[in-house]
Amino acid sequence: MSHPSSRQPRARLNLFIEPDHAKRLDALAATKGVSKSAVVAAALGSYLSPDAMDQREAAMAKRLDRLSRQFERLERDQSILIETLALHIRHYLTLSTPVPEGQQDAARAQGRARYVQFIEQLARHLQRGRSLVREVHEEVYPEPHGRLAQDGDAPAVRGRPDSEAIPPDPTQETTRDPQA
């Protein structure tokens, strides 16, 4: 602690803060047994220190990494869903035959019953809390040696190098980096 005569003159500031912050400042100063000025000075010093900036940047980078992994999972799930729907539509259109006029009422009734059954199955699946997309992904890309996948891990398939783990989408145009 420095001697009072060696102190530099302090600047006086009149600040306005939110009432909730003022209450918390009063409580903290009383708990620590120091003045409110001391608490504000310590907080400001911490906020302005180079280490605090590094800590904030590290925290921000961690959050951005987590968001990136979440976004990648959403993209993967969306791709699976789109492919599933496309395959179902192709299968349906390929195999379905027109229903004769006399059988259309029965076909509609059977369609309604199947739809109700589908909704019931969907509700049970959602209540289980397990994602069908995740189950499909785990079937297609099982983890070697029983290791659980970590967020952001590239999926791997036994016997394939990582570069072949996710086959390219033939419906999307590919671009090549000239420097690659």
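The following exercises, with worked solutions, concern the fold, salt bridges, surface and one pocket of a predicted model.

Residues are numbered from 1 along each chain as its sequence is written. Because the model is predicted, local features need pLDDT of at least 70 and side-chain atom pairs count only at pLDDT 80 or more, while totals for chains, interfaces and linings use all residues; side-chain values use heavy atoms, with hydrogens and water left out.

**Exercise 1. Fold and burial**

Task: State how many helices and strands the protein has, and what share of its residues counts as buried.

Solution:
1. Helices (H or I, at least four residues) and strands (E, at least two) are taken as DSSP runs, numbered from the N terminus.
2. On this basis the protein has five helices and zero strands, and the pattern along the sequence is α-α-α-α-α.
3. Burial is read from relative accessible area: buried is under 20%, exposed is over 50%, and partly exposed lies in between (1.4 Å probe, protein chains only).
4. Of the 180 residues, 8% count as buried.

**Exercise 2. Salt bridges**

Task: Determine how many salt bridges the model holds, and describe the pairs of Arg76, Arg108 and Arg128.

Solution:
1. Side chains of opposite charge can pair when their charged atoms come close.
2. The criterion is a side-chain nitrogen of Lys or Arg within 4 Å of a carboxyl oxygen of Asp or Glu, and the count comes to four salt bridges.
3. Arg76 pairs with Asp77, with the closest N and O atoms 2.8 Å apart; Arg76 is partly exposed, at 24% relative accessibility.
4. Arg108 and Asp105 form a salt bridge at 3.3 Å, N to O. These two residues are three residues apart in helix α4, and therefore about one helical turn separates them. Arg108 is partly exposed at 46%, whereas Asp105 is exposed at 60%.
5. Arg128 pairs with Glu135, the closest N and O atoms being 2.9 Å apart. Arg128 is exposed, with a relative accessible area of 55%, while Glu135 is partly exposed at 22%.

**Exercise 3. A nonpolar surface patch**

Task: Identify the residues that make the nonpolar surface patch of about 510 Å², and place Leu126 in the fold.

Solution:
1. Patch residues have over 30% relative accessible area and no salt bridge; like charges are joined within 9 Å, and nonpolar side chains (Val, Leu, Ile, Met, Phe, Trp, Tyr) within 5 Å.
2. Accessible areas come from the Shrake-Rupley method with a 1.4 Å probe, and for residues only the protein chains shown count as cover.
3. The patch is made by Tyr115, Phe118, Ile119, Leu122 and Leu126.
4. Leu126 belongs to helix α4 (residues 104-128) and is exposed, with a relative accessible area of 61%.

**Exercise 4. The second largest pocket**

Task: Describe the volume and lining of the second largest pocket.

Solution:
1. On a 1 Å grid over the protein atoms alone, a pocket is an open set of points where a 1.4 Å probe fits, with protein on both sides within 12 Å along at least five of seven lines; lining residues have an atom within 4 Å of a point.
2. The second largest pocket holds about 730 Å³ of space.
3. Its lining has 19 residues, and Leu13, Leu15, Lys36, Ser37 and Val40 lie nearest the centre.
4. Helices α1 (19-32) and α2 (36-48) each supply at least two lining residues; α2 gives the largest share, seven residues.
5. The lining divides into 10 nonpolar, five polar and four charged residues.

Notes: Grid points are joined across faces, edges and corners, and a volume is the space filled by probe spheres set on the points. Ala, Val, Leu, Ile, Met, Phe, Trp, Tyr, Cys and Pro count as nonpolar, Asp, Glu, Lys and Arg as charged, and the others, Gly among them, as polar.
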